[in-house]
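Colleague: I should like a close look at a single strand and at what surrounds it. Please set out its pairing, its burial and its place in the whole.

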Amino acid sequence: SNQILVNDKPVSISKNLNCKSENVLYLWQCNLCQKDDSYLGRTIQKAHKRTNGHRASFNDDKWESSALSMHARIMHEDNFDLNNFKISLVKKVSPQRIRREEFKLIDGYRTYSLGINRYKV
C-alpha cells in the first residue's frame with residue numbers, strides 16, 4: 001500500500017525511495033505493539049547508514065541512545081531486537097528543510113505523545 005496509518009491518520013509512503021536514498025524522512029513501526037507505536041525521523045545520510053545507527057543501540061550498553069531501542073527495552077524486553085520494527089521511507093526533502101519537515105510530521109501525527117518519539121534520547 002502507498003499509505004500507512006499512524007494514530008488513525010494516513011501517511012503517504014514513497015515507492016521511489018530505497019535504502020540508498022538520502023535526505024529522507026522515515027517511519028519505523030513496532031510490529032509487536034497492538035496499537036500504532038510509530039517513530040518518525042530524518043536523515044541526510046543514506047537510509048541504510050541511519051538504520052545501522054539505530055541497530056548499534058540494540059545492546060545492553062547503548063540502549064538509551066535510540067528511541068527505538070528504548071521502546072523495545074521498556075515495552076518488549078524479551079524481544080529486544082530491531083527486527084521487530086519495520087521501516088518505510090516517507091519522502092525526500094532538501095537538507096535545508098528536512099528538520100522542519102520532520103517536526104511537522106511528528107506534530108501532525110502526534111508521535112511525541114502517542115508514539116515512540118516520546119522516548120527522550
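Modeller: I take β3, which pairs with β5 in the antiparallel sense over 7 bridges. This is a predicted model, and what follows should be read as such. Within that pairing, K91 of β5 is the bridge partner of L25. β3 also pairs with strand β4, residues 38-43, again in the antiparallel sense, over 6 bridges. There, W28 has Y39 of β4 as its bridge partner.

The burial of the strand comes next. Of the 7 residues of β3, 7 are buried, so the strand is largely enclosed by the rest of the structure. The cover extends to both faces: V24, Y26, W28 and C30 are buried on one side, and L25, L27 and Q29 are buried on the other.

β3 also takes part in the largest nonpolar core, to which it gives two or more residues, as do α2 (67-75) and β5 (85-92). This core has 19 residues, and the members that touch the most others are W28, Y39, L68, F85 and I116. W28 and Y39, the bridge partners across β3 and β4, are thus both named among these well-connected members. In soluble globular proteins, nonpolar side chains tend to be buried together. I116 may serve as an example of the connections: beyond four places in sequence, its contacts are C30, D37, S38, Y39, A67, L68, H71, F85 and T111. One of these, C30, belongs to β3. A second core, separate from this one, holds 13 residues, among them I13, V93, L105 and I106.

What lies against β3 from elsewhere in the chain? One contributor is helix α1, residues 47-55, whose buried residues are A47, T51 and H54. These cover an arc of only 55° around the axis, which places them on the same side of α1. An α-helix has 3.6 residues a turn, so residues three or four places apart point the same way. The cover over the buried residues of α1 includes β3, together with β4, α2 and β5.

A further contributor is E102, which lies in helix α3, residues 98-108. Its relative accessible area is 8%, and as the cut-off for burial is under 20%, E102 counts as buried. Setting aside neighbours within four places in sequence, E102 is in contact with L25, L40, G41 and R42. L25 belongs to β3, and the C-alpha atoms of E102 and L25 are 6.5 Å apart although the two residues are separated by 77 places in sequence.

The contact between E102 and L25 can be set beside the contacts of the whole chain. Among contacts between residues at least 6 apart in sequence, 62% join residues at least 24 apart. The chain has 3 helices and 5 strands, in the order β-β-β-β-α-α-β-α along the sequence. Its radius of gyration is 13 Å, close to the 14 Å that the globule rule gives for 121 residues, so the chain is as compact as a globular protein of that length. Along the principal axes, the C-alpha atoms fill a box of roughly 35 × 30 × 25 Å. Of the 121 residues, 45% are buried, whereas in β3 the count is 7 of 7. The accessible surface comes to about 7000 Å², of which carbon and sulfur atoms hold 45%.

Key:
Residues are numbered from 1 along each chain as its sequence is written. This is a predicted model: local features need pLDDT of at least 70, side-chain atom pairs count only at pLDDT 80 or more; totals for chains, interfaces and linings use all residues. Side-chain values use heavy atoms; hydrogens and water are left out. A nonpolar core is a set of buried Ala, Val, Leu, Ile, Met, Phe, Trp, Tyr and Cys residues joined through side-chain atoms within 4.5 Å. Buried means under 20% relative accessible area, exposed over 50%, partly exposed in between (1.4 Å probe, protein chains only). Helices (H or I, at least four residues) and strands (E, at least two) are DSSP runs, numbered from the N terminus. Contact means heavy atoms within 4.5 Å. Two strands pair if DSSP finds at least two bridges between them. The arc is that of the directions from the helix axis to the C-beta atoms. The radius of gyration is taken over C-alpha atoms; the globule rule is 2.2 Å times the number of residues to the power 0.38. Accessible areas come from the Shrake-Rupley method with a 1.4 Å probe; for residues, only the protein chains shown count as cover.
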